[in-house]
Amino acid sequence: MSRARRWEKIERPFVAKELMMSDYIASIGLEVHVQLKTRSKMFCACPAHDESEPNTAVCPGCLGMPGTLPVINREAIRKTVKVGLMIGSKINRRSTFDRKNYFYPDVSKNVQITQAAAPLCVGGGIEIDVGGQKKFIRVNHIHQEEDVAKSLHMEHSTWIDFNRAGMALMELVTEPDMASPDEAVAFLVALKEMLVYAGISDCNLELGHVRCDVNSSVRPVGSEQLGVKTELKNMNTFKGIHRALEYEIERQMETLRAGGTVVQETRRWDDPTGQTLPMRTKESAHDYRYFHEPDLPPIVLDDATIEGWRAELPELPAAKRARFMADYGLPEYDAGVLTADRAIADYFEAVAKKSGQFKASSNWVMGELLRALGEQGETIAAAKITPDALAALIALVEAQTISHSAAKEVFQELFENGGDPEALVKEKGLAQVSDTGMIDQLAEQAIAANPKVAEDYRAGKEAALKFLMGQVMKLSRGAANPQLATEALRRKLQ
Amino acid sequence: MSGSPVDWGVSEAADALARKEVSAVELAQALLARADKLEPQLNALTWRDSEAVLTAARAADEARAGGDSRPLLGVPVAVKDVLSVAGQPCTAGSKILQGYVAPFDATAIARLRAAGCIFIARTNTDEFAMGGSTETSVYGPTRNPWDVARVPGGSSGGSAAAVAARLAPAALATDSSGSIRQPAAFCGVTGFKPSYGRVSRFGCVALASSLDQVGPMARSVADAAAIYQAMAGHDARDSTTSARPVGDVLAAVRAAKDLCGLKLGVPAEFFMPELDAGVAQRVRAAVDECRALGAQIVEVSLPHTAYGMADYFVLSAAEASSNLARYDGVRYGFRADADELGDMYDQTRGQGFGAEVKRRLLVGTYVLCRGAAEEYYRRAQQVRTRIRRDFEQAFAACDAIAGPVTLTAAFPLGARRDDPVSMYRGDSLTATANLAGLCALSVPCGFTAEGLPVGLQILAPAFHDELALRIGAAYQQATAWHESRPPMGED
């Protein structure tokens with residue numbers, strides 16, 4: 001299953017319309033703002049990701065007090081460059097900051113420090129997979145900037161929380177390469193997966209770690225030139241983006257079909273009514289008067305630094321999937337599920353390596369482990385069963401020391417409380433009886449007690465064997481090795 | 001130690017304090033008393049808190065009694081109203097910062113505080129350092145101690161007047177196009193604009209970030225060097241400061257004797273037609289004095305000098321339009337009453353800023369606009385590169401450059417108030433040093449026929465601050481112009 005499909009299964013309760021089947025083609029471009037996982041803010045020493053009381057994680061710098069100056073957070077630069085390296089961008093060896101000028105109370109200086117002329121990363125892209133169709137979405141650039149404060153609009157006033165002001169943001173801008181809401185969401189899912197994998201961002205959508213400006217336009221099939229675009233500002237759920245795009249693309253198509261023209265404008269998604277509504281047109285658009293930020297010297301990166309950062313990159317999901325299929329002989333489905341979360345993938349690898357039973361390891365991780373985690377709404381960190389313990393449990397099953405159903409019972413115990421599977425099997429008396437003398441004896445007992453059933457079997461009724469098996473298991477209190485028991489019964493019944 | 005404590009410079013005051021001939025409290029009291037007496041005429045200071053000053057002075061005296069022997073312990077310094085001193089108002093001479101009290105020290109202040117200095121008062125400035133006469137301040141104009149009918153220059157006119165009138169042995173100021181050097185020349189004191197990146201701008205209300213530089217004003221080069229030495233050097237909080245070591249500038253300055261071996265360039269373009277004849281005569285005489293001290297005088301050319309003023313104006317207005325955007329009434333300072341956000345911005349900024357600031361914000365906003373930026377902002381950057389190259393070529397032929405600081409001596413109050421271009425033209429000889437990032441010194445070099453001070457400007461390549469100061473120190477050892485006092489407050 002592709003990444004997009006997996007997401008669909010997990011998060012998407014609606015059915016995509018067949019937008020591509022119409023007389024128009026849609027083009028979608030994304031501007032994705034991602035809050036980086038840094039300890040301090042982009043240009044001051046205030047703690048980032050501070051969820052405490054409003055306006056407590058602030059200093060004269062992020063409040064824009066007179067005389068304060070920005071200082072570049074090197075960790076943010078490192079993280080943004082790593083994103084560029086992951087998606088194959090060209091890393092600018094010399095990158096500069098610019099000022100974006102506009103008045104709004106959430107921008108403490110009424111100036112946002114961003115990058116316009118020479119961003120950190122240029123080009124690159126991400127391959128997406130929608131319903132088995134692979135497509136490369138080009139990225140125009142990734143730049144570094146600072147977040148703005150959070151505004152809380154009350155009835156007669158607006159409250160501003162500057163805790164968020166100045167947090168490190170990266171903004172990734174794609175080319176208008178996506179043709180459907182599904183593709184746009186597949187891109188975001190793939191990007192998010194990558195960013196979480198590499199520890200760039202937690203990408204927690206509820207906390208606003210990822211915010212998107214969504215540009216879309218439509219053009220008649222056969223036309224080479226992109227249509228007039230509209231921009232949907234500040235979208236922060238993938239579901240919302242999908243719904244908004246479905247609506248907006250359909251709206252643009254309807255407008256054109258009715259002989260109208262699409263106005264270049266900024267619109268906003270009104271979730272309750274399921275509509276996009278106009279915010280401002282291009283004519284009233286800002287002139288941000290970008291110019292070089294004189295308070296910050298250029299960021300100069302040498303090859304050694306960049307290569308050092310490249311060496312820190314984790315194996316990315318796509319590469320890991322391919323490797324899991326090649327090295328462990330896993331089906332594509334297994335590889336996809338196991339690599340969706342880096343911690344799960346690492347866990348699987350540890351189990352597989354220890355046990356040497358690759359497919360069994362995959363089955364246990366995908367089956368019991370993910371089920372148990374899902375039931376508790378927990379991450380792998382909450383599981384008390386170590387990879388070594390799971391590997392040992394798998395070995396017990398493979399050696400037919402315990403039955404599969406007994407193993408599940410042991411797993412649940414280990415998942416909740418941890419411990420050693422062998423000791424647990426012994427303690428619970430779950431070990432299978434593989435003593436053929438004992439099993440022969442039980443088989444004879446079962447046959448003797450059920451002559452009619454034995455007769456049925458001899459007459460060719462295969463199902464009769466199952467009944468006798470049940471009797472053997474009952475006599476052994478579930479401990480008999482089922483395979484040996486079957487063999488013994490067949491032998492005795494001949 | 002001779003004379004009244006108010007007459008002492010930095011080193012004299014420091015020596016007297018070290019020898020316990022005077023206490024820091026006594027020194028501060030003498031200066032505060034003099035300020036009480038002269039301020040009605042001068043209006044050099046925007047704020048002073050005698051109680052706080054005396055408390056700091058007492059602490060310095062106690063520290064000394066406890067064995068503290070920091071060289072600047074107890075030395076009072078006045079501070080231009082654009083530098084943040086924790087707990088003091090910092091208003092940049094503007095109504096829009098009414099009520100704002102700085103919650104932190106500027107780096108320059110923190111370093112002087114660590115060196116033991118006492119911040120005795122805040123000095124007047126043109127609003128947001130925009131001006132050349134200290135007439136645009138919300139606190140009213142400062143007057144020149146040599147002639148109270150004249151301006152002290154600007155924008156650091158308060159600091160210059162305070163040092164000249166002996167309200168403080170030294171003062172801190174800022175210079176974006178001559179705001180230290182020009183008032184120093186007008187008031188007959190020594191003013192030093194360090195190389196860009198030499199003194200941290202952290203905590204300094206920004207006018208034009210790529211041009212602003214914090215520097216000292218004092219009554220001698222040695223005193224200016226002492227203050228400079230205490231505050232210069234890399235600062236992690238200002239990314240534009242240089243990591244190059246500062247060196248022992250003070251020792252080098254004290255050791256300066258003559259100018260033997262020095263190639264001193266004199267640019268023909270500095271002696272432009274607009275240069276007042278009396279000023280030109282004094283500066284040429286000063287160049288001769290340098291020759292007499294052993295300097296080899298060479299003629300150099302700075303062809304783009306004439307564009308300096310306009311270039312500064314475009315670039316500084318552009319940066320200022322962005323730097324001053326933060327004064328919006330939302331978080332601190334003055335806020336006008338209004339029902340709606342846009343109105344609040346308009347009213348706050350409309351009432352909070354004076355005419356000169358508004359003029360520059362309009363120009364700065366315009367030159368950055370789509371359509372105009374190519375013609376103005378980008379072209380101004382290209383001109384800046386040409387000006388920088390002029391100096392690179394000139395410094396290939398000489399070690400330092402000497403010339404006038406100002407086109408005229410101090411002009412009468414109000415003379416240029418309604419003629420902004422003539423006011424801007426006053427920066428013609430000083431703006432290029434900021435555009436090129438050089439260090440530049442202004443030292444008194446005589447008087448016009450009307451008895452007004454004239455300044456000699458000494459420019460050295462970026463990060464050759466020690467050289468500029470050494471030349472100035474040698475000049476002051478051979479001359480006594482810097483020892484002249486304005487006829488003020490003598491009973």
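The exercises below, each with a worked solution, concern a predicted model with chains A and B.

Residues are numbered from 1 along each chain as its sequence is written, and chains are lettered from A and ligands numbered from 1 in the order in which they are written. Because the model is predicted, local features need pLDDT of at least 70 and side-chain atom pairs count only at pLDDT 80 or more, while totals for chains, interfaces and linings use all residues.

**Exercise 1. The contact between the chains**

Find how many residues each chain gives to the contact, and sort the side of chain A by class.

Step 1. Two residues are in contact if their C-beta atoms, placed from the backbone, lie within 7 Å. Chain A gives 24 residues and chain B gives 35 residues.

Step 2. For the classes, Ala, Val, Leu, Ile, Met, Phe, Trp, Tyr, Cys and Pro count as nonpolar, Asp, Glu, Lys and Arg as charged, and the others, Gly among them, as polar. The side of chain A that touches chain B then has 14 nonpolar, five polar and five charged residues.

**Exercise 2. Helix α16 of chain A**

Check the span of helix α16 (residues 482-493) of chain A, and say where its buried residues lie.

Step 1. Helices (H or I, at least four residues) and strands (E, at least two) are DSSP runs, numbered from the N terminus. The expected span of a helix is 1.5 Å times one less than its number of residues. For the 12 residues of α16(A) this should give 16 Å, and the end C-alpha atoms are 16 Å apart, which agrees.

Step 2. A residue is buried if 20 or more other C-beta atoms lie within 10 Å of its own, exposed if 12 or fewer, and partly exposed in between, with C-beta atoms placed from the backbone. In α16(A) the buried residues are A:Leu484, A:Ala485, A:Ala488 and A:Leu489. They cover an arc of only 135° around the axis (taken from the directions from the helix axis to the C-beta atoms), so they are on the same side of α16(A).

Step 3. An α-helix has 3.6 residues a turn, so residues three or four places apart point the same way.

Step 4. The partners of these buried residues are α13 (436-449) and α15 (463-475) of chain A.

**Exercise 3. Two faces of helix α12 of chain A**

Which residues of helix α12 (residues 421-428) of chain A are buried, and which exposed residues does the face turned away from them carry?

Step 1. A:Pro421, A:Leu424 and A:Val425 are buried. Their arc around the axis is only 100°, so they lie on the same side of α12(A).

Step 2. The face turned away from the buried side carries the exposed residues A:Ala423, A:Lys426 and A:Glu427.

Step 3. The cover over the buried residues includes α10 (387-398) and α11 (404-417) of chain A. Just after α12(A), A:Gly429 takes a positive phi of about 65°.

**Exercise 4. The sheet of chain B**

Describe the sheet of chain B, its edges and the helices that pack on it.

Step 1. Two strands pair if DSSP finds at least two bridges between them. In chain B, 11 strands form an open sheet with mixed pairing, in the order β1-β3-β2-β4-β6-β5-β10-β11-β9-β7-β8.

Step 2. β1 (45-47) and β8 (296-300) of chain B are at the edges with a single partner strand each, so one side of each has no neighbour in the sheet. From one strand to the next the twist averages 30°.

Step 3. Strands β4 (residues 170-174) and β6 (residues 214-218) of chain B run antiparallel and are joined by five bridges. Here B:Ala170 stands opposite B:Ala218.

Step 4. Axes are lines fitted to C-alpha atoms, for helices over the stretch in contact, and angles run from 0 to 180 degrees between N-to-C directions. Helix α5 (residues 157-164) of chain B packs on the sheet at about 165° to β4(B). Eight of the eight residues of α5(B) are buried. Helix α7 (residues 221-231) of chain B lies across strands including β2 and β10 (439-447), at about 145° to β6(B).

**Exercise 5. Two residues with positive phi**

Are B:Lys20 and B:Thr134 buried or exposed?

Step 1. B:Lys20 is in the loop between α1 (10-18) and α2 (24-42) of chain B, and its phi is positive, about 60°, although it is not a glycine. B:Lys20 has 10 other C-beta atoms within 10 Å, so it is exposed.

Step 2. B:Thr134 is in the loop between β3 and α5 of chain B and also has a positive phi of about 60° without being a glycine. B:Thr134 has 36 C-beta neighbours inside 10 Å, so it counts as buried.
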